[in-house]
Amino acid sequence: MTDPASGQIDHVLDETRLFPPPAEFTAKAVISSEEQYQELYNRARDDRDGFWKEQALEHLHWFKPFDQVCQFEAPHAEWFVGGETNASYNCVDRNIDLGRGDKPAIIWEGEPGDTRTLTYNELRTEVCKCAEALLELGVEKGDVVSIYMPMTPELAIAMLACARIGAIHSVIFAGFSAESIADRNQDASAKLIITSDGLYRRGKVLPLKKTVDEALEKSPSIQTCLVLRRVGNDVPMTEGRDVWWHDVVDKQPGELPAVPLDSETTLFILYTSGSTGKPKGIRHTTAGYNLWANRTFQWVFDHRDDDVYWCTADCGWITGHSYIVYGPMSAGATCLMFEGAPNYPAENRFWELVEKYKVTIMYTAPTAIRAFIKWGDEHVDKHDLSSLRLLGSVGEGINPEAWMWYHEKIGGEKCPIVDTWWQTETGGIMMSPLPGITATKPGSCTKPLPGVIPVILDETGHSVDAEHGGMLCIDPPWPGMLRGVWGDEERFVETYWATVKGKYLTGDNARCDADGYYWIMGRIDDVINVSGHRLSTIEVESALVSHEAVAEAAVVGRPDDIKGQAIAAFVTIKDREPTEELRQELRMHVRKQIGALAQPDEIRFAAGVPKTRSGKIMRRLLRDIAAGRESAGDTSTLEDFSVLASLRAED
Ligand code: WTA
């Protein structure tokens, strides 16, 4: 049943190398023995409530203690019932209470090289000012605030300001199109949007506010647009709707206490792609999510007070939410935050940053690692990376070649690598090596964290031979699990809980080897992973079909050396010639509909999209064709796959 779209899986299956943690790392690690892990793991499983009660009391601030640890009636979980806390308090004020007020919370570097450092005291003032401004602008508890911003400290500040007053943030990655922003604003009935005049991208200015203006034409619920000045380009401001950050935020006193919020108050929604065309708003709540981000951060990254931690993700994705903001900040970490691209002004930018800020823990994505390999070792060799002690990977499986390069070239063979498997829905890391104890195997996310009970099942929900592999499900509940899909209970139940009763369906295939190590084998659905970004093939198909020249479209992922998967589209057209110009037009059309990240890498004009007798697109056949595993024979301008399709239908 596993049908990996990527050939890399084959290498993974042969992988037998084992890398034990360096003894000097283990000696100082937070979790430093297998027994300690076993004890935590067994306790979380066998005495769930007792375990999480202790964790919650120790690692979060409570305005009012909870009465009950967990109430679970599948698929609905409530954690820390009756308690009151605030994620903004946990991430900011609590650090000040614990004496970390003068410790840098955010060390930021902008793309042009400008820098800022905010201590936890300073961060508190900024978060309070922003929260006060939001109140002044009419935002109330329970309102949704969209955030479409560059990776500036104000992005994290805006998130924490929402959390402070019980408003729900919905961060939209700044690469999405006006259409995508409007869809998300509408779906969430967002009341206010925070953006900036523009953002820097490889020396150019992208006009964010202009994109937002376009989106706001189709976002009736938005009353106010708060605009940060970042690049200084000219932007028209709409009277009565648009306000500058420096006019309304800077003048505030900066003292607003965090509002005590019920544990299950929605903290944020974050849209992600599923197997249908419309992205869904994954809903996370305050206490359980915050605790999960906090515990997993400390366990997996072995965080110590003197670390300089750098997660290279954007806050527009879940990795930025959990491992730039809520996990590390609630643990009082010093986080490096970077606005720019890894190859601007040159391909050594990341390594320059590591050297300059003496980064000790770095968390990045396999797609970036593969790009660095391509750019050449000379960009790395120029820099002293000896400050690094731990490396992390997230977003997709890391192929052993990239793993080895990361280990040797970046880690100098002395840094453990934590390959972390998780999802937007899980809130935080679910499976990962623990750097002080786990002997790693390149390509395996190794073992579940305490609180995580994975199960491997077949399509009918029965156990299968785990070594052979099957659908990866999780035995609920855990504190960080999604609480719902915004405004769509049916989709929540249908997507995650209907396939196997009582189990959370991850949508990934996995196998578990004889040592109990897990290996993720790709998706079971129509989700593709392009440069670590989740996209639904149906979403891209819908965008293509919305172009007047397109009669039908089928989209599949094909293996790509850098991106992991690239987007291949098979398109049948009407009333137009299959020209290069049309190809370009279709690419731009998808970009406009969804965003640059969804732009097809390859568009093939086809005489017809091959379908099964029941009308389903034969994606497996198309995947094989896109990957070059099967030749269509006919390479004329309009490729005809009908013969192949009928042959396949017979086998
Ligand atoms: C994939 C990102 C293999 C997987 C945190 C998952 C991975 C989807 C890994 C979630 C990994 C993420 N090894 N596959 N270490 N990490 N994935 O919601 O298919 O953007 O279901 O969350 O990415 O993507 P999402």
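In this predicted model, glutamate 396 touches Pro366, Thr367, Arg370, Asn529, Ser531, Gly532, Lys563 and Gly564, with residues up to four places away in sequence left out of the count. Glutamate 396 sits in the loop between β19 (390–394) and α16 (400–410). Its relative accessibility is 14%, so glutamate 396 counts as buried; the cut-off for buried is under 20%.

Glycine 395 lies in the loop between β19 and α16 as well. Its relative accessible area is 34%, and glycine 395 is therefore partly exposed. Beyond residues up to four places away in sequence, glycine 395 touches Asn529 and Gly532. Asn529 and Gly532 are also among the contacts of glutamate 396. The C-alpha atom of glycine 395 is separated by 26 Å from that of valine 464, a residue 69 places away along the chain.

Both residues carry an annotation. An unreviewed UniProt entry lists a "binding site" that covers Gly395, Glu396, Gly397, Asp419, Thr420, Trp421, Trp422, Gln423, Thr424, Asp508, Arg523 and Arg534.

Serine 531 is one of the residues touched by glutamate 396. Serine 531 lies in the loop between β26 (527–530) and β27 (533–536). At 22% relative accessibility, serine 531 counts as partly exposed. Its backbone stands out. Most residues other than glycine have a negative phi. Serine 531 is not a glycine, yet its phi is positive, at about 50 degrees.

Phenylalanine 80 is another non-glycine residue with a positive phi, here of about 60 degrees. Phenylalanine 80 belongs to strand β2. Its relative accessibility is 0%, so phenylalanine 80 counts as buried. A positive phi of about 95 degrees is also found at glycine 138, just after α6.

Peptide bonds were examined next. Most peptide bonds are trans. The bond from alanine 74 to proline 75 is cis, with omega near 0 degrees. Proline 75 is placed in the loop between β1 (68–73) and β2 (76–81). A cis peptide bond also joins tyrosine 344 and proline 345, where omega is about -5 degrees. Proline 345 is in the loop between β17 (334–338) and α13 (349–357).

For residues 37–91, the unreviewed UniProt entry lists "domain: Acetyl-coenzyme A synthetase N-terminal". Over this stretch the chain is 49% helix and 25% strand. The end C-alpha atoms of residues 37–91 are 26 Å apart.

A second set of "binding site" positions comes from the unreviewed UniProt entry: Val545, His547 and Val550. Histidine 547 is found in the loop between α18 (537–545) and β28 (550–560). With a relative accessible area of 7%, histidine 547 is buried. Leaving aside neighbours within four places in sequence, histidine 547 is in contact with Arg576, Leu582, Glu585, Leu586 and His589.

Valine 550 is in strand β28. Valine 550 has 1% relative accessibility and so counts as buried. Its contacts, again without neighbours within four places in sequence, are Leu544, Val545, Val571, Thr572, Ile573, Lys574 and Leu586. Leu586 is in contact with histidine 547 too. Val545, one of the contacts of valine 550, is itself listed by UniProt in this "binding site".

Helix geometry was then considered. Helix α6 (residues 120–136) has 17 residues. At 1.5 Å a residue, α6 should span 24 Å, and its end C-alpha atoms are 24 Å apart, which agrees. The buried residues of α6 are Tyr120, Leu123, Val127, Cys128, Lys129, Cys130, Ala131, Glu132, Ala133 and Leu134.

Two packed helices are described by the angle between their axes and the distance between the axes. The axes of helix α11 (residues 286–301) and helix α12 (residues 318–330) come within 8 Å and cross at roughly 85 degrees. α11 is therefore roughly perpendicular to α12. On the α11 side, the contact is made by Tyr289, Asn290, Ala293, Asn294, Thr296, Phe297 and Phe301. On the α12 side, His321, Ser322, Tyr323, Tyr326, Gly327, Pro328 and Ser330 take part. By class, this contact has seven nonpolar and seven polar residues, with no charged residues.

Definitions and conventions. Residues are numbered from 1 along each chain as its sequence is written. This is a predicted model: local features need pLDDT of at least 70, side-chain atom pairs count only at pLDDT 80 or more; totals for chains, interfaces and linings use all residues. Side-chain values use heavy atoms; hydrogens and water are left out. Helices (H or I, at least four residues) and strands (E, at least two) are DSSP runs, numbered from the N terminus. The expected span of a helix is 1.5 Å times one less than its number of residues. Buried means under 20% relative accessible area, exposed over 50%, partly exposed in between (1.4 Å probe, protein chains only). UniProt positions are given in the numbering used here, feature names are shortened, and annotations may be inferred rather than shown by experiment. Axes are lines fitted to C-alpha atoms, for helices over the stretch in contact, and angles run from 0 to 180 degrees between N-to-C directions. Angles under 35 degrees count as roughly parallel, over 145 as roughly antiparallel, 65 to 115 as roughly perpendicular and the rest as oblique. Contact means heavy atoms within 4.5 Å. Ala, Val, Leu, Ile, Met, Phe, Trp, Tyr, Cys and Pro count as nonpolar, Asp, Glu, Lys and Arg as charged, and the others, Gly among them, as polar.
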